[in-house]
Structure formats: C-alpha cells, structure tokens
Amino acid sequence: MNDTICAISTAIGIGAISIVRVSGSKSINIVNKIFDRDLNNKKSHTINYGHIIENNEIVDEVMITIMKAPKTFTREDIVEINCHGSIVNTNKILELLLNNGARLAEPGEFTKRAFLNGRIDLIEAESVMDMINSKTENARKLAINGIDGKISNLIKKIINRLIKVNANIEVNIDYPEYEDIEIITKKEIEELSKYINKELSKLLNESENGKIIKEGINTLILGKPNVGKSSILNKLLNEEKAIVTDIAGTTRDIIEGQIRVNGILLNIIDTAGIRKTNDKVEKIGVEKSLKLIESADLIILVFNNNELLTDEDLELLNKTKDKKRIIVVNKMDLKNKIDFKKFGCEKIVKISALHEIDELKNEISDIFKLNELNNKDFTYLSNSRQISLIKKAINVSKNLEQALKKEVPIDILEIDIKEICEILNEIIGESYDEKLIDTLFSNFCLGK
Amino acid sequence: MKYEIIVVGGGHAGCEAVLASANKGHKTLLVTGSKDTIAMMPCNPSIGGSAKGIVVREIDALGGWMGKVADKTLIQMKMLNSGKGPAVRSLRAQADKITYPREMLKLLENNKNIDIIEEIVEDIIVEKNKIKAVKLSTGKEIMCDALILTTGTYMKANILVGESRTVSGPNGTRPSLYLSDNLKKLGFKLLRLKTGTPPRIDRSTIDFSKTKREDGDNKLYTFSFDNDAYYTIEKQEPCYLTYTTQETHNIIKENLSKSSMYGGFHKNLGIGPRYCPSIEDKVVRFADKERHQLFLEPESLYYTDIYLQGFSTSMPYDVQEKMVHSLPGLENAKILKYAYAIEYDAIDSKELKPSLETKIIDGLFTAGQINGTSGYEEAAGQGLIAGINAALKLEGKDPLILKRDESYIGVLIDDLVTKGVKDPYRLLTSRAEYRLLLRHDNADLRLRKYGYEVGLINEDQYQKLVNKQTNIKNIIEELKSIKIKDKKNINAYDYLKRTEITMDDLKEKLSKKYGELELEQAEIMVKYEGYIKKTKKEAEKMRKLENKKIPKDIDYDKISNLASEARIKLKEIRPESFGQASRISGVNPSDISILSIYMKRYFND
C-alpha cells in the first residue's frame with residue numbers, strides 16, 4: 001500500500017493524447033525527476049506545462065496535473081501526465097517512471113486504494129472497475145450511474161421502508177402496553193413483501209439487461225454446412241469494428257471474438273472452425289452443440305433459400321425453440337427452394353449475406369430493445385456479486401410469503417424482513433442495527 | 001480492616017454483586033448510605049417488562065436473586081406479548097416497594113460472608129494501577145482485593161424541580177460529592193446523565209371509575225426456575241389506565257418556560273434517556289398526538305401512593321398540580337410526592353472490559369447506573385456479572401463473559417463496552433439480533449451451566465436442568481417415531497410444524513407424561529426449527545469474527561489508511577476481537593478489511 005504506483009490510464013493507441021497516472025506519497029517526487037521544471041512547490045489541483053526529459057533530452061511535450069492528498073481519487077498524491085498518444089511515446093514515459101521508483105499498478109489498483117482509503121464505498125468501487133472495463137458507450141453510461149449512487153439510493157429507499165416496518169414491530173414488542181401505537185398487521189407485511197418482490201424483481205430484470213449491455217450478448221451462429229454462416233460473420237466483422245479477437249480467461253474460452261452492432265456488444269461463440277469455409281456442425285457433436293445452445297443469449301439460425309429443409313434443419317429448429325433466436329434465410333439472391341411455411345408464424349429475416357445484412361443488424365437491435373436501452377435511465381446493478389445478492393433477497397421474500405400463509409407470528413416474520421435488509425445492506429455496505437434503533441426513537445413516543 | 005471484596009452502593013446492582021461474591025465464599029463488605037435504601041425502588045414499582053423480564057430470568061439461571069425476591073413479594077403478574085411469538089414473551093410484575101427491599105435486606109443480613117456499614121465513600125486508593133482501599137467521608141480507609149462500584153445516581157446527584165437545583169440523592173438521600181471527581185483524577189472520563197420520575201398520587205383521592213382497569217393474568221407465573229408462585233390469581237392488585245387531555249397539553253405548553261429542562265435556568269444539564277422522555281418532551285416532540293397514555297400503578301400494599309407512569313416532569317409544584325388535575329379521574333387528586341428530574345455522574349462505559357473490570361485500574365469493577373444504564377434489571381444483571389468476575393479474579397480464573405447469542409445480559413454489556421452510551425441505556429428486544437435464541441422460556445437451558453460452573457447453582461438445581469434437557473430431547477425423538485394415521489402417515493414431528501397443530505394435540509401419544517415446561521420447550525424447538533436454524537447460522541458468523549482475536553498490544557497508529565474516526569475509536573475502545581471491532585460505530589467495513597490485511601502481515605512477520 002505504501003508504494004507509488006503508475007499506469008497508462010487511457011486506451012493505448014486510440015487517442016491523440018494519452019494519460020499516465022501516478023499515485024502514492026512519492027508521485028510528485030518521482031515525476032519531478034523526469035520533468036524539466038520543479039513541481040515540488042506547485043499548488044494542488046493545478047495543471048503545469050513542460051517537458052519529459054531523459055539524460056537532458058526532451059522525450060515529449062506534456063501537461064502535468066498535480067492533485068495532492070487527500071482530495072484525490074485515491075486520497076493519495078496523484079500526478080497525471082497528459083502526453084502525446086502514440087504507443088511508443090506513452091510506453092517510454094511509463095518506463096521512465098518505473099526506472100525512477102514507481103511500480104506498475106495492478107489492474108484496478110487505483111480503485112482498490114480509493115476503496116481502502118475510504119474514498120468510495122464498495123458499490124462505487126465496483127462501478128469504477130466496471131467503467132474501466134467497459135467497452136461500449138452503453139456500458140460506460142451504466143458504470144457512471146453506479147458511481148452516482150443511483151443504485152444505492154434505490155436500495156436505500158427499499159431498506160428504509162423495511163426498517164420503518166421493523167421499527168414499528170419492535171415498538172409493538174418493547175411497549176406492548178401502549179395501545180395507541182399503531183400495531184403492524186399481517187396485511188401490512190403482506191403488502192411489504194409484495195413491494196419488495198416487485199421492486200427487487202424489477203431491479204433484477206433491468207440488471208440482467210444491464211449485464212447484457214456490459215458483458216455483451218453471447219451469440220451463436222448455427223446452421224448446417226454451406227448455408228453461409230461464415231459470410232454473415234465476415235460481413236459483420238467487416239462492417240463493424242472487431243474489438244477483441246482473442247479473450248483469455250476460463251469463462252470466455254468459448255468466445256471467438258466480439259463485434260459491436262449498433263452499440264451493443266456481441267460475443268461470438270466459437271463453433272469450432274466457424275470461420276473456415278468448410279463448416280462442419282456435425283463434427284462438433286450433438287452434446288457440444290447442445291451445450292453451446294445452452295450458453296448462448298442469442299442464436300442466429302441460418303438456412304439456405306436455395307435448399308429444401310432437411311431433418312437436420314428441423315432438428316436445429318426444435319433444439320433452439322426455447323431460446324432467443326433470429327431465423328435467417330440466406331442466399332435470397334438464389335432461386336427459392338425453401339418452404340417458408342415450415343417456420344410457422346415466426347419472423348424470418350431474409351438476406352443475401354454477400355451483399356447486405358442490415359436487416360439482420362436491425363433485428364438484433366430490435367430483439368434486445370436497443371433503442372429503448374439507449375434512451376433509458378440506467379438503474380442497474382452492474383456486476384454479478386450484486387445480482388446474486390438481489391436474487392438471494394428475492395428468495396427470502398418468497399420465504400416470507402410462505403411464512404405469512406403459515407400464520408407465523410409477526411416477530412418471527414421480522415427475522416425474514418431483517419435478513420432482506422441485511423442482504424441489501426451488504427450490497428451498499430451499511431450497518432443495520434443502529435439505523436433501526438434511531439428510527440425507533442425518532443418515530444415513536446414512549447416512556448415512563 | 002480488610003475485605004476480599006467491597007461493594008459500594010446497595011441498589012439492585014450492589015445487592016446482586018454482594019450476594020454473588022459472598023455466595024462464592026468471599027468475605028464481602030457492602031458500604032451503603034443507609035440500610036433503609038437497600039434494594040430501594042426510587043422510580044417505577046415494577047420488575048420485568050419487555051426484554052427486562054428475560055434479564056430477570058437470566059439472573060435467576062446464573063444464580064442471582066432478583067427473580068426469587070420478586071416472586072416472593074410481587075402484587076401483580078403479567079406475561080407481556082403472550083399473543084406474539086415465543087421469542088418476545090416476557091414477564092412483568094408489579095413489585096411491592098416495602099416488601100421487596102425488606103426481603104432483599106434479610107438475604108444480605110443472613111449471609112455470614114456479608115458485612116454492611118452505613119457510610120459514604122468519597123475516594124478510592126490505588127497503588128500501581130491496582131485497587132487498594134476505599135476512603136469513607138469520615139476519612140477512614142478500608143482495604144480490599146477487589147472493589148465494585150454500584151453508586152447508581154448518587155455521584156454528584158442534583159434534584160431538579162422547575163427553577164430549583166438541589167444537591168441531593170433520590171428521595172432526599174445523601175449523595176456522594178467527591179467520588180466522581182476523584183475517579184476523574186484517576187483518568188476516568190465522566191458523563192453527566194439525567195433521569196426523571198413522575199408524581200405519586202394518594203389512592204383515596206382518585207376516581208377510578210373514570211379510568212380503565214388493568215388486571216394481572218389469569219395464570220400463575222414465576223420469574224425463578226426454582227420456586228412456585230407465592231401469589232394467588234384472585235388476590236392480584238389491579239393497575240389503571242388514563243390519558244392526558246387537550247387541557248393537559250395546553251397547561252404544559254403555557255408553562256414550558258418554567259420547566260427545568262426547557263426554562264433555560266440551568267447550565268450543563270445532564271442528558272436524559274431517549275426512550276423515557278418527560279411529559280413535556282412528549283408534548284413538544286409529538287405535537288400532533290392528541291393524547292398520551294398514563295398508567296396508575298400501586299406502589300405497595302402498605303401505603304397509598306399510586307405511581308403515575310408516563311408523567312415524569314421537571315415542572316414546578318404549582319404547575320404539576322394543574323397538570324395532574326387535568327387528567328380524567330384525577331380532578332381532585334392529592335399529590336403525595338412531586339415529580340422531579342435527577343442528574344448524576346456516570347463513567348464512560350467504553351473504559352470497561354467485557355468482564356466489567358475497568359481498563360485503567362486493576363481490580364476495580366463497576367455496574368449499574370454508574371455505567372450509564374437505566375433500569376433495575378439492567379443494574380442487577382451487571383451487578384451479578386461484576387460480582388462473579390471480581391470473585392473469579394481473586395480465584396485466579398478467567399472471567400465469565402456472556403455472548404450476544406446466549407443472553408440479553410451479554411448484549412447489554414457488549415453494547416456498553418463497545419458502543420458506549422450517550423443517554424441512559426435501556427435494554428430493548430431490538431438490541432438483541434439473535435433474540436429468537438434468547439427466549440424467556442429457555443434462560444435456564446442457556447445459562448444455568450455457567451451458574452453451576454462458577455458455583456452459584458448447586459448440585460440439585462443443576463441435576464434438575466440436566467433432567468429437563470434429557471426429557472426435551474426424548475420428547476423430540478419420540479415425536480419423530482410416532483406416525484399420524486389418516487395423515488398419509490407423516491410423523492408427529494412434522495405434523496407439529498403445522499399451524500393448527502399444538503403439543504396439546506399430541507402429548508397423549510407420548511409414552512410418558514412430561515412436564516408442561518418441557519413440552520412447551522420441545523414444541524417451540526420443533527415449530528420454529530427453520531427460524532432457529534437461520535438465527536443460529538447468523539450467530540455462528542458472529543462467533544467466527546468473535547474468535548478472531550486482536551492482539552492486546554496492537555498499535556493502531558502503525559496501520560496506515562485507517563479512517564481517522566475509526567482509528568480514534570479503535571484506540572479508545574481497544575476491542576478484543578474482530579467481532580467487537582465491527583460493532584463499533586464509526587468503524588466501517590473498509591476499516592475492518594484494512595485491519596484484517598494488517599493483521600495478516602502482522603502474523604506473517
């Protein structure tokens with residue numbers, strides 16, 4: 001924790017300007033060693049013009065921002081070097097910093113310091129991590145919202161309502177002889193439980209959409225050989241910028257690449273050689289293709305306009321019938337042989353991948369209501385820890401509903417309400433008990 | 001002159017402390033201002049109540065005396081919250097203010113290990129941070145190995161009525177004038193607290209027909225696990241209920257400037273309890289409330305005072321007259337004792353260890369209102385623990401520290417030493433996070449083993465407990481083996497979990513006749529099994545943090561990145577475990593994780 005750390009804070013090789021950030025007690029001292037002016041006496045929160053030098057030779061012309069502790073992101077001294085954006089240049093400056101006593105930051109280490117130094121709470125820290133990792137504009141919006149505390153506020157609102165009910169239950173227990181205090185009834189708890197369920201389910205639902213925005217849609221392009229899967233993929237790749245073509249990590253091993261379609265991220269699931277002209281779905285084996293279908297958020301099912309539907313096609317249709325899917329009939333420029341009636345009333349996207357795939361792209365936008373998401377206020381939980389906690393809370397509220405039916409006494413039901421509170425508090429990192437007692441005393445009039 | 005243990009103050013904390021110490025075989029001296037004030041009840045004439053009734057049972061389970069003396073002398077008994085779940089039921093008795101203290105005094109006087117003297121202690125003698133002796137107002141010194149201060153509201157006590165502020169203890173008794181200053185000199189931080197008591201009314205001048213009668217329960221109960229009820233259902237004394245009127249509120253509003261608390265006559269007033277506001281507080285803070293409930297409670301069978309619960313005030317006498325006469329049924333009432341507020345010095349309870357020994361002075365223990373609590377039961381619970389732990393210390397044994405998931409007394413003491421108090425502390429069920437485990441019905445099952453271990457519970461009492469435990473276990477096992485015909489052959493154990501089924505429906509099927517309390521216990525354990533398990537799981541989490549000890553010599557200044565408030569609090573309280581640290585207000589989860597990271601390094605190096 002006491003080291004001074006540094007890292008390139010902007011995406012490498014994209015912008016005209018890059019920022020190299022240094023944080024820690026020695027950051028001013030270290031940057032001073034490679035700068036041609038003295039930064040020691042500069043005021044906090046100022047920007048300073050000058051040159052990065054090595055052995056008296058100018059490396060780059062830069063602007064340096066000085067932010068002194070504690071009013072900084074990490075609550076430590078921070079120096080940011082705004083330099084020219086080429087990869088070689090930015091790396092050179094980073095190297096100079098490392099040679100002069102800074103250590104390369106681990107991923108997320110700035111945020112971790114901000115958290116450990118009490119600058120941000122857990123939910124904010126997670127949001128910042130998400131923002132750093134966010135790859136699309138939608139995801140960035142989402143991350144910023146997390147920092148604004150929108151989620152915290154929503155959860156706090158729910159918690160406050162729960163605490164108010166619990167405080168009332170407690171007063172009923174602690175002051176049973178006071179007849180003129182409102183007694184909480186089962187009906188009220190029933191309403192409360194409905195409210196929790198509704199709010200949390202909504203949050204969960206939106207959050208899962210949020211997850212799609214942030215982490216991308218796992219997309220599987222399926223079809224028997226020679227229906228034109230690879231031309232569709234190549235067309236998508238050509239028209240949209242492929243962001244990553246190889247992602248390490250266990251859960252994403254099956255991801256072949258990522259494509260952005262109208263601002264939304266598609267993770268193309270590797271169907272083992274989908275890019276080869278000689279597609280062989282049959283080679284993957286039924287078991288694996290089933291597994292792939294299972295893991296996909298979206299299936300693009302491709303058929304050939306120029307062929308009759310085979311048993312194999314029908315099997316694919318059957319296997320994917322419960323998934324979110326787009327039926328694409330390709331090769332519309334060729335003679336029609338396929339029987340469209342076999343698809344029932346499902347929507348069919350007719351394209352000729354060699355020429356034009358806009359209709360497919362629009363369908364992807366529609367199916368995930370992208371336009372809606374773009375315009376919406378984002379109030380999503382943005383990572384899986386938060387989402388799993390919300391799921392846990394919803395489960396307890398279902399428990400509560402069951403218990404209500406079984407005529408369990410109210411002071412016992414309170415255990416469930418309290419548990420929900422605690423789970424929600426875990427998301428935003430606050431303590432429950434003191435708040436409860438404060439509510440109790442400020443809302444009720446009791447005494448000897 | 002020398003005693004092993006000296007107890008200063010003969011209130012509810014002092015009585016339990018002195019009895020625990022003496023019953024553990026130590027020569028003990030009680031110093032009290034007057035024998036007449038031993039176990040006195042200067043405020044409400046009741047023992048027990050929500051959460052407090054459970055504390056009385058816990059005291060009994062551990063081998064204390066409050067429950068037994070209350071059983072002998074009570075004049076009305078109620079089970080509170082009987083319509084709610086088992087976790088929140090609690091006994092409340094109307095106590096007799098004459099016979100309760102008399103019975104308690106008898107116990108003390110008949111104990112050969114106890115001496116009592118009527119004196120005021122004004123100083124304590126300390127050598128090398130170890131307690132040596134007490135110094136009386138006469139200048140005389142008495143030596144001791146351990147000292148327990150249970151001074152109640154007596155340190156620098158002031159009585160407040162309207163404009164007047166008089167140096168006096170409750171009921172005109174003699175306060176200790178210098179003890180708190182001397183404690184301050186030794187390094188203790190002091191708090192100035194305040195509490196109040198309502199007027200007492202002459203029973204014969206009240207028109208009870210204008211009030212609502214409140215009778216005791218139609219079932220016999222006892223606080224103690226060792227005796228039967230002494231009272232009869234029919235002979236219980238009733239209480240009465242009346243309300244404030246709009247006129248009362250007007251009188252209060254018009255005269256607010258004459259109240260000690262609102263008048264601005266006095267500087268540096270003590271801090272009063274939040275849960276127990278004066279009637280003027282209630283009228284001001286809850287201005288939209290049309291009326292406030294007031295209880296008329298008999299103080300004793302031997303005199304005529306009626307305690308007007310809910311009407312504590314620091315108004316001058318003439319205003320009190322008007323206020324009382326505005327109440328239905330009290331139009332012509334005669335006030336026998338006027339209401340007053342009392343302020344007193346207390347020590348900062350954060351300066352105590354969980355054993356109730358002070359951190360600053362070896363062998364010095366404190367219990368009761370001096371620690372910032374309020375209530376007879378809270379005092380008695382602490383007195384018992386202080387008495388036990390002072391004795392254990394002399395015996396060279398580890399102190400008895402009750403956990404939050406095994407007793408209300410544990411919750412109380414942990415709150416005191418970890419969070420400290422700002423206003424007088426009262427136990428509430430809401431302070432106990434594992435209260436489903438802390439029921440009034442299982443206090444013996446939870447705590448009697450500790451009472452036995454420290455020697456305050458005898459072999460007979462303990463054997464009774466062991467039998468009870470075995471029987472409960474047998475009942476539950478047997479239920480599992482009984483099949484209910486016509487109900488798809490489910491067993492009686494699962495059948496009992498149904499809402500509409502009670503133990504009464506099933507007990508005939510058991511192979512033998514069990515005691516009512518055993519059957520009740522088994523029923524609760526089966527019916528609420530899911531919730532009990534859930535609570536136990538939560539408690540387990542707490543225990544894990546509790547077991548993660550923090551080294552006594554830890555230097556918080558060396559841990560960089562702790563938030564400054566957290567650092568100050570940790571240095572002040574010096575928690576013994578991560579569990580305790582996490583309960584300190586101002587210490588956030590991020591501070592705990594920093595502490596945890598530091599500790600990992602600390603142990604690795």
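With 6 C-beta neighbours inside 10 Å, A:Asn56 counts as exposed. The model in which this residue is described is a predicted one. A:Asn56 lies in the loop that links β3 and β4 of chain A, and its phi is positive, at about 65°, although the residue is not a glycine. Most residues other than glycine have a negative phi, and most peptide bonds are trans. A second departure from this pattern in chain A is the cis peptide bond between A:Ala69 and A:Pro70, with an omega of about 5°. A:Pro70 belongs to the loop between β4 (57-67) and β5 (78-84) of chain A.

In chain B, a positive phi of about 60° is found at B:Asn81, which is not a glycine either. This residue is placed in the loop between β4 and β5 of chain B. B:Asn81 has 23 C-beta neighbours inside 10 Å and therefore counts as buried, whereas A:Asn56 counts as exposed.

The loops described for chain A connect strands of an open sheet. Six strands make up this sheet, in the order β3-β4-β5-β2-β1-β6 (chain A), and their pairing is mixed. Because β3 (46-54) and β6 (103-104) of chain A stand at the edges with a single partner strand each, one side of each is left without a neighbour in the sheet. Within the sheet, strand β1 (residues 5-8) of chain A and strand β2 (residues 17-23) of chain A are joined by four bridges in the antiparallel sense. In this pairing, A:Ala7 is set opposite A:Arg21 of β2(A).

Chain B also contains an open sheet, formed by three strands in the order β3-β5-β4 (chain B) with antiparallel pairing. Its edge strands are β3 (46-48) and β4 (76-80) of chain B, each of which pairs on one side only. On average, and with direction ignored, neighbouring strands of this sheet are turned by 20° against each other. Three bridges hold β3(B) against strand β5 (residues 90-94) of chain B in the antiparallel sense; at one position of this pairing, B:Ile47 has B:Ala93 of β5(B) as its bridge partner.

Further along chain B, strand β16 (residues 293-298) has five of its six residues buried, so it is largely enclosed by the rest of the structure. Strand β15 (residues 239-243) of chain B runs antiparallel to β16(B) and is joined to it by four bridges, with B:Tyr240 partnered by B:Leu296 in β16(B). Four bridges also join β16(B) to strand β17 (residues 305-309) of chain B, again in antiparallel fashion. Here the bridge partner of B:Pro298 is B:Ile306 in β17(B). The strands β16(B) and β17(B) form a hairpin, with six residues between them.

Among the helices of chain B, helix α1 (residues 12-23) is mostly covered, with 12 of its 12 residues buried. The buried residues include B:His12, B:Glu16, B:Leu19 and B:Asn23. The 12 residues of this helix should span 16 Å at 1.5 Å a residue, and this agrees with the 16 Å that separates its end C-alpha atoms. Just after α1(B), a positive phi of about 95° occurs at B:Gly25.

Two packed helices are described by the angle between their axes and the distance between the axes. For helix α11 (residues 443-454) of chain B and helix α12 (residues 459-481) of chain B, the angle is about 145° and the axes are 10 Å apart. The crossing of α11(B) past α12(B) is left-handed. On the side of α11(B), the contact is made by B:Asp444, B:Leu445, B:Arg448 and B:Tyr452, and on the side of α12(B) by B:Tyr462, B:Leu465 and B:Gln469. Four of the contact residues are nonpolar, one is polar and two are charged.

The length of α12(B) was likewise compared with expectation: its 23 residues should span 33 Å at 1.5 Å a residue, which agrees with end C-alpha atoms 33 Å apart. An α-helix has 3.6 residues a turn, so residues three or four places apart point the same way. The buried residues of α12(B) are B:Leu465, B:Ile472, B:Ile475 and B:Leu479. These buried residues are covered by elements that include α11, α13 (492-496), α14 (503-506) and α15 (516-527) of chain B. B:Leu465 is thus listed both among the buried residues of α12(B) and among its contacts with α11(B).

Terms used. Residues are numbered from 1 along each chain as its sequence is written. Chains are lettered from A and ligands numbered from 1 in the order in which they are written. This is a predicted model: local features need pLDDT of at least 70, side-chain atom pairs count only at pLDDT 80 or more; totals for chains, interfaces and linings use all residues. Two strands pair if DSSP finds at least two bridges between them. Helices (H or I, at least four residues) and strands (E, at least two) are DSSP runs, numbered from the N terminus. Axes are lines fitted to C-alpha atoms, for helices over the stretch in contact, and angles run from 0 to 180 degrees between N-to-C directions. A crossing is left-handed if the near helix is turned anticlockwise from the far one by less than a right angle, and right-handed if clockwise. Two residues are in contact if their C-beta atoms, placed from the backbone, lie within 7 Å. Ala, Val, Leu, Ile, Met, Phe, Trp, Tyr, Cys and Pro count as nonpolar, Asp, Glu, Lys and Arg as charged, and the others, Gly among them, as polar. The expected span of a helix is 1.5 Å times one less than its number of residues. A residue is buried if 20 or more other C-beta atoms lie within 10 Å of its own, exposed if 12 or fewer, and partly exposed in between; C-beta atoms are placed from the backbone.
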